[in-house]
Every structure is written in C-alpha cells, then in structure tokens.
Amino acid sequence: MATGTAGLTHARPWQRVPTGDDAVAVAERAALGTTARVAVWPPENLGAACAATDDVLAALDQQASRFRRDSELSWLNDAGGGLFMLGDGLAEAVGVALAAARWTGGLTDPTVGAALVSLGYDRDFAAISQGGEPLGIPALAPVPAPGWPLVRLDGPLLRLPPGIRLDLGATAKGLGSDRAARAVMSATGAEGGVLVSLGGDIAVAGTPPRDGWPVAVAEEPDQAVPSQLVRLAAGAVATSSVSCRRWRRGGAVLHHIVDPRTGHPADGPWRTVTVAAATCADANAASTAAIVAGARAQDWLTTAGLPARLTGHDGRVRRLGGWPADDGAPVPVPRGSHVYPGGPR
C-alpha cells in the first residue's frame with residue numbers, strides 16, 4: 001500500500017469544502033499519500049465523520065503501509081518469510097488482497113512488492129517525485145510476482161515464503177474507504193448518509209441525497225473540469241490510471257500499476273478505468289485488473305458484470321455494463337462482493 005512515510009501521527013487538519021448546498025457538509029485533507037474527502041448529511045455530522053475517518057486511516061496506515069518502517073506490513077516484509085500471527089486489521093487487508101487476486105485470475109497480486117522496488121517505487125511517492133531520477137541508477141531487470149497462491153492465510157495465521165514482499169495497493173485504498181464509510185455510520189448512529197473518497201476511490205453508506213451522491217469522473221490528475229458527472233446512490237466507484245504516479249528510471253518513464261506476470265508497468269491500451277461495484281475494495285481491484293488485462297479488459301469486466309468506463313490512450317471512451325452516457329445519470333451498482341467473505345461489509 002502506497003502511504004506516507006510519516007503516517008498519520010501528525011495528520012493535517014480537515015478543511016471545509018464549499019458545496020453551495022446547505023444540506024451537505026464536505027471536508028478534505030491529505031492522507032495516505034493522496035487526498036481524503038468526507039461528505040455527509042445532515043451537515044452537523046461532519047465533525048464525528050472526520051474523527052471516525054481519522055481513526056480508520058491511522059489504523060490502516062499502521063497496518064498496511066509499505067513505506068512506514070514501523071508498520072505491520074513492513075515488519076512482515078523485512079522478516080524474510082515465516083509463519084506470522086497477524087492483527088485483525090492486517091489479516092483482513094491481506095485476506096481481501098488474496099481474494100481479489102483469486103477473483104481476477106492474478107491480474108492483481110499482492111506479491112508484487114519486489115517488482116515495485118525493482119522499478120524504483122521503494123519509498124513514498126512524494127519523495128520520488130520531488131527527488132527526480134537518481135544519477136547513475138540504471139533500470140533493473142523486471143521482477144515478475146512470485147504468485148499469490150504461494151501465500152497462505154488461515155484466519156490470522158499467515159505463511160509467507162522467503163523472498164516474497166507484499167504490496168496491498170490494488171485493494172487497500174478501497175478497503176480504507178469501505179471501513180471509513182462503515183465507521184462514520186456507526187459514529188453518527190446511522191443517521192443520514194456519507195461518502196468517503198480516498199484518492200477518488202469512493203464508498204457510500206446510509207441514505208444518499210436525492211438523486212444520489214454526485215461523483216466526478218476525471219481522466220487526468222488535477223483535471224479542472226471532470227470528463228463526466230454521475231450519481232451514486234449505493235455501493236462504490238474506483239478509478240485506476242497510468243497517468244498518475246509516474247517517474248523516470250534508467251531513462252524510461254514508469255508508472256505504479258505493475259503487470260504481475262512480467263514485473264513491468266502495464267502497457268495496455270487503457271489510460272484510465274473507472275468501475276462501479278458493491279464495495280470499494282471490489283471496484284479498486286477491478287479497475288486495476290482492467291488496466292493490467294489490456295486488450296482483454298472489456299471481456300473480463302463484462303464477464304464480471306461490472307459497470308465501467310474505459311478511456312484509451314487515444315482518448316476514446318468505452319462504456320460497459322450500463323455505465324451511463326449522460327451527465328448526471330445514476331450508475332447501476334451490482335450486488336455481492338468477490339473480496340469480502342460473506343459479501344459486502
């Protein structure tokens with residue numbers, strides 16, 4: 001999971017975001033190497049919602065950050081393999097990542113940690129983007145993922161073979177949004193509704209505003225005008241893109257979505273993929289899998305029965321599974337989860 005090296009001990013304060021709608025309150029702050037945003041109604045629930053989200057994000061960062069030396073995941077990765085008793089939070093995060101790998105046929109794979117390190121994604125992305133390309137650092141040989149079936153999880157008991165480094169980036173933000181949305185509803189007595197976004201990976205819970213929560217779909221980082229505005233009444237939406245988290249290594253431009261089969265950054269026809277699903281962890285995994293699947297993405301998403309919007313490097317847009325063509329239209333959300341035991345949490 002790509003999160004900040006400093007964790008959330010000194011988290012930045014939440015900033016209110018003007019909405020022009022007195023019935024909804026919105027706040028955002030930097031978190032987990034991206035931007036966290038919380039929207040609630042009634043607006044007086046905002047303080048409790050932000051506090052509940054802080055607790056979830058702090059716990060997730062401590063459990064699953066690949067860049068915090070004191071995280072549980074870093075301790076696992078540095079141990080060199082063995083049998084480990086995990087805390088409940090990390091056990092869930094690893095379980096979700098393994099379930100996603102099984103569902104996607106290995107298009108997502110939590111054993112890509114060493115592949116990312118070999119590509120130079122070995123520290124918080126802010127440090128990579130600020131530091132530029134290190135002098136004299138050549139491109140390393142690609143490191144294909146050893147394969148998720150080698151990792152065994154039985155409840156909290158994890159068996160990790162030597163040499164495998166875990167990265168939970170294909171599911172962790174989605175898991176965080178799912179957890180935060182549930183935590184907010186618990187903290188507010190299930191009153192009203194909430195939307196939680198971690199870098200654009202969105203989960204909603206409770207009763208939505210009339211016509212659903214407005215969700216902006218963008219093609220590029222910091223895009224001023226969204227490509228489309230849709231409405232989300234339930235479930236989740238997540239976006240994966242090769243246009244962000246890019247860096248140079250050995251003269252080559254790389255990005256963070258790795259094909260586990262090759263160890264190279266995915267090089268298919270899709271620039272951005274947005275997927276709707278019952279949970280954000282499902283949507284997160286599916287959008288990443290579609291980028292990696294390349295030319296097979298449309299078939300895979302259709303078979304999975306997931307509404308999706310795919311944008312190619314040529315700028316052409318494909319819509320699947322009932323994804324709306326019109327602005328302001330609702331996104332259909334299928335029922336059932338492939339990554340949580342027993343369905344959506």
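## Notes on the predicted fold

1. At 31% relative accessibility, Leu 157 falls in the partly exposed class (under 20% relative accessible area is buried, over 50% is exposed, partly exposed lies in between, with a 1.4 Å probe and protein chains only). Leu 157 has its place in strand 6. Leaving aside neighbours within four places in sequence, Leu 157 is in contact with Leu 83, Phe 84, Met 85 and Arg 152 (contact means heavy atoms within 4.5 Å). Take Met 85: Leu 157 sits 72 residues away from it in sequence, but the two C-alpha atoms are 4.7 Å apart in space.

2. Some housekeeping before going on. This is a predicted model, in which local features need pLDDT of at least 70 and side-chain atom pairs count only at pLDDT 80 or more, while totals for chains, interfaces and linings use all residues. Residues are numbered from 1 along each chain as its sequence is written, and side-chain values use heavy atoms, with hydrogens and water left out.

3. Now the overall picture. The protein chain has eight helices and 16 strands (DSSP runs numbered from the N terminus: H or I with at least four residues for helices, E with at least two for strands). Of the 345 residues in the protein chain, 53% are buried. Among contacts in the protein chain with a separation of 6 or more, 65% are between residues 24 or more positions apart.

4. Back to the strand that holds Leu 157. Strand 6 belongs to an open sheet of three strands, ordered 4-6-5 with antiparallel pairing (two strands pair if DSSP finds at least two bridges between them). Strand 4 (82-85) and strand 5 (152-154) are at the edges with a single partner strand each, so one side of each has no neighbour in the sheet. Direction ignored, neighbouring strands here are turned by 15° against each other on average. Strand 4 and strand 6 (residues 157-160) run antiparallel and are joined by four bridges; Phe 84 stands opposite Leu 158 in strand 6.

5. There is also an open sheet of nine strands, again with antiparallel pairing, in the order 1-2-3-7-8-11-14-15-16. Its edge strands, strand 1 (15-16) and strand 16 (317-320), each pair on one side only. Strand 15 (residues 308-312) and strand 16 run antiparallel, with four bridges between them, and Arg 309 stands opposite Arg 319 in strand 16. Helix 1 packs on this sheet, touching strand 1, strand 2 (25-31), strand 3 (34-41) and strand 7 (193-198), and its direction makes about 25° with that of strand 2 (axes are lines fitted to C-alpha atoms, for helices over the stretch in contact, and angles run from 0 to 180 degrees between N-to-C directions).

6. Helix 1 deserves its own look. The 19 residues of helix 1 (residues 46-64) should span 27 Å, and the end C-alpha atoms are 26 Å apart, which agrees (the expected span is 1.5 Å times one less than the number of residues). Buried residues of helix 1 include Leu 46, Ala 49, Thr 53, Val 56, Leu 57 and Leu 60. The buried residues of helix 1 cover an arc of only 165° around the axis, which puts them on the same side of the helix (the arc is that of the directions from the helix axis to the C-beta atoms). On the other side of helix 1, Gly 47 and Asp 55 are exposed.

7. Which residues touch the most other members of the largest nonpolar core? Leu 168, Val 194 and Leu 301 do, out of 78 residues (a nonpolar core is a set of buried Ala, Val, Leu, Ile, Met, Phe, Trp, Tyr and Cys residues joined through side-chain atoms within 4.5 Å). Helix 3 (residues 88-103) gives this core its largest share, eleven residues. A second, separate core of 16 residues includes Val 17, Val 215, Ala 276 and Trp 323. As for helix 3, 13 of its 16 residues are buried, and Gly 105, which follows the helix, has a positive phi near 65°.

8. Strand 9 (residues 213-217) has alternating side chains: Trp 213, Val 215 and Val 217 point to one face and are buried, while Pro 214 and Ala 216 point to the other and are not. Five bridges join strand 9 to the antiparallel strand 10 (residues 228-232), where Gln 228 is the bridge partner of Val 217.

9. Last, an arginine to check. Arg 271, found in strand 14 (residues 270-277), counts as buried at 17% relative accessibility. Not counting residues up to four places away in sequence, Arg 271 touches, among others, Glu 219, Glu 220, Ser 241, Thr 311 and His 313.
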